[in-house]
Amino acid sequence: MIHTRPDRDGQEQLRQAGAAWEEAAQYWQDEVARQFDTGHWTPLVQQSRTYLEALRALMDLLETAERDTEL
């Protein structure tokens, strides 16, 4: 039986990281910050969302399979 959902945990962690980045970006406003945002942060968020969507679909499938095979 699956008790936790790593896809949901990941969404929450991504939200927390996003909030931390927004707070840091208020004080870090130079060219290096812009390069970090476009070259690292934005691609990381996009890749993380794609990963979490795929993980959510997999978790849903596993939960369905578990329900369908319970005795």
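**View 1. P43 sits within helix 2 of the predicted model.** P43 is partly exposed. Its relative accessible area is 25%, which places P43 in the band between the 20% limit for buried and the 50% limit for exposed. Setting aside neighbours within four places in sequence, P43 is in contact with D37 and T38.

**View 2. Helix 1 packs against helix 2, with axes that come within 9 Å.** Two packed helices are described by the angle between their axes and the distance between the axes. Helix 1 covers residues 6–27, and helix 2 covers residues 31–69. Their axes cross at roughly 165°. Angles over 145 degrees count as roughly antiparallel, and helix 1 and helix 2 are therefore roughly antiparallel to each other. The crossing of the two helices is left-handed.

**View 3. The contact between helix 1 and helix 2, residue by residue.** Helix 1 contributes P6, D7, G10, Q11, L14, A17, G18 and W21. From helix 2 come A33, F36, D37, W41, V45, S48, R49, L52, L55, R56 and M59. By class, this contact has 11 nonpolar residues. Four polar and four charged residues complete the tally.

**View 4. The largest nonpolar core has seven residues.** The members are L14, W21, W41, V45, L52, L55 and M59. Helix 1 and helix 2 each supply at least two of them. The largest share, five residues, comes from helix 2. In soluble globular proteins, nonpolar side chains tend to be buried together.

**View 5. L55 is a buried residue of helix 2.** The relative accessible area of L55 is 13%, so L55 falls under the 20% limit for buried. L55 is one of the residues of the largest nonpolar core. Residues up to four places away in sequence aside, L55 touches P6 and D7. Both P6 and D7 belong to the helix 1 side of the contact with helix 2. For a view along the chain, take L55 and Q35: they are 20 residues apart in sequence. In space, L55 and Q35 are 29 Å apart, C-alpha to C-alpha.

**View 6. R49 is a partly exposed residue of helix 2.** R49 has 48% relative accessibility, so R49 stays below the 50% limit above which a residue counts as exposed. R49 is among the helix 2 residues that make the contact with helix 1. Q11 is listed on the helix 1 side of that contact. R49 and Q11 are 38 residues apart in sequence. Their C-alpha atoms are 8.0 Å apart in space.

Technical notes: Residues numbered from 1 in each chain as written. Predicted model: local features only at pLDDT ≥ 70, side-chain atom pairs only at ≥ 80, totals over all residues. Heavy atoms only, no water. Axes fitted to C-alpha atoms, helices over the stretch in contact; angles between N-to-C directions. Helix = DSSP H or I, 4+ residues; strand = E, 2+ residues; numbered from the N terminus. Parallel < 35°, antiparallel > 145°, perpendicular 65-115°, else oblique. Left-handed = near helix turned anticlockwise from the far one by under 90°. Contact = heavy atoms within 4.5 Å. Nonpolar A, V, L, I, M, F, W, Y, C, P; charged D, E, K, R; others polar. Core = buried A, V, L, I, M, F, W, Y, C linked by side-chain atoms within 4.5 Å. Buried < 20%, exposed > 50% of the residue type's maximum accessible area, 1.4 Å probe, protein only.
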